Amino acid sequence: MGPTLDPLPDPLGRKTFPDPPSPATIARMTTAPRRAVILARVSTTDKGQEPENQLGPLRAAAERHGIEIVEEIALKQSAWDETSAADVKRRALAPIVEGRANVLMVWALDRVCRGGIESAFALLRELEEHLGASLFSLQEPFLSTATSDR
């Protein structure tokens, strides 16, 4: 039997309940081993930037959180338009779609999506609800859904 749901506060005193978690979310919340694809992307116009500057700290974070790394994607790009952003996202999600990974680890969310907060929430929704996966953002822990307590 699943967890019980507590009613949400309602200004009129009615008892309302949250939507139950989706099957993909329930699958993500199990004790299945976490396997990650790590994405590091730097601009070729930023002198001194190398993907390794992001990969090292992401590897260390994966180790701290008990996440196995199954693939690393290191990119240097000079252009960051809609087309290149879509290609980066497609490449980063491929191991998850294929079932080899269930966590996407990034330095920051702007490494994988370009369209601001709407794009960020769309990515989170796609990861969690459609792919049963989690996000780990090293620079934005408040967006991470792949921390050890989840």
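At what angle do helix α3 (residues 82-97) and α4 pack, and how many Å apart are their axes? Let's work through this and two further exercises. The model is predicted, with local features needing pLDDT of at least 70 and side-chain atom pairs counting only at pLDDT 80 or more, while totals for chains, interfaces and linings use all residues. Residues are numbered from 1 along each chain as its sequence is written, and side-chain values use heavy atoms, leaving out hydrogens and water.

**Exercise 1. Describe the packing of α3 and α4.**

Step 1. Helices (H or I, at least four residues) and strands (E, at least two) are DSSP runs, numbered from the N terminus.

Step 2. The angle is about 15°, and the axes lie 12 Å apart. Axes are lines fitted to C-alpha atoms, for helices over the stretch in contact, and angles run from 0 to 180 degrees between N-to-C directions.

Step 3. α3 and α4 are therefore roughly parallel to each other, a term for angles under 35 degrees.

Step 4. Lys-89, Leu-93 and Ile-96 of α3 make the contact with Leu-123, Glu-126 and Leu-127 of α4; contact means heavy atoms within 4.5 Å.

**Exercise 2. Lay out the sheet and find its edges.**

Step 1. Along the sequence, the pattern reads α-β-α-β-α-β-α-β, with four helices and four strands.

Step 2. In space, the four strands form an open sheet in the order β2-β1-β3-β4, with parallel pairing. Two strands pair if DSSP finds at least two bridges between them.

Step 3. β2 (68-77) and β4 are the edge strands, each with a single partner, so one side of each has no neighbour in the sheet.

Step 4. From one strand to the next, the twist averages 20°.

**Exercise 3. Place strand β3 in its surroundings.**

Step 1. Begin with the side chains: Val-103 and Met-105 point one way from β3 (residues 103-106), Leu-104 and Val-106 point the other way, and all are buried, meaning under 20% relative accessible area with a 1.4 Å probe, protein chains only. In a regular strand, side chains alternate between the two faces of the sheet.

Step 2. Next come the partners. Strand β1 (residues 35-43) runs parallel to β3 and is joined to it by four bridges; Val-37 stands opposite Leu-104, and Ile-38 has Met-105 as its bridge partner.

Step 3. β3 also pairs in the parallel sense with strand β4 (residues 134-137), over four bridges, where Val-106 is matched with Ser-137.

Methods
Buried means under 20% relative accessible area, exposed over 50%, partly exposed in between (1.4 Å probe, protein chains only). Angles under 35 degrees count as roughly parallel, over 145 as roughly antiparallel, 65 to 115 as roughly perpendicular and the rest as oblique.
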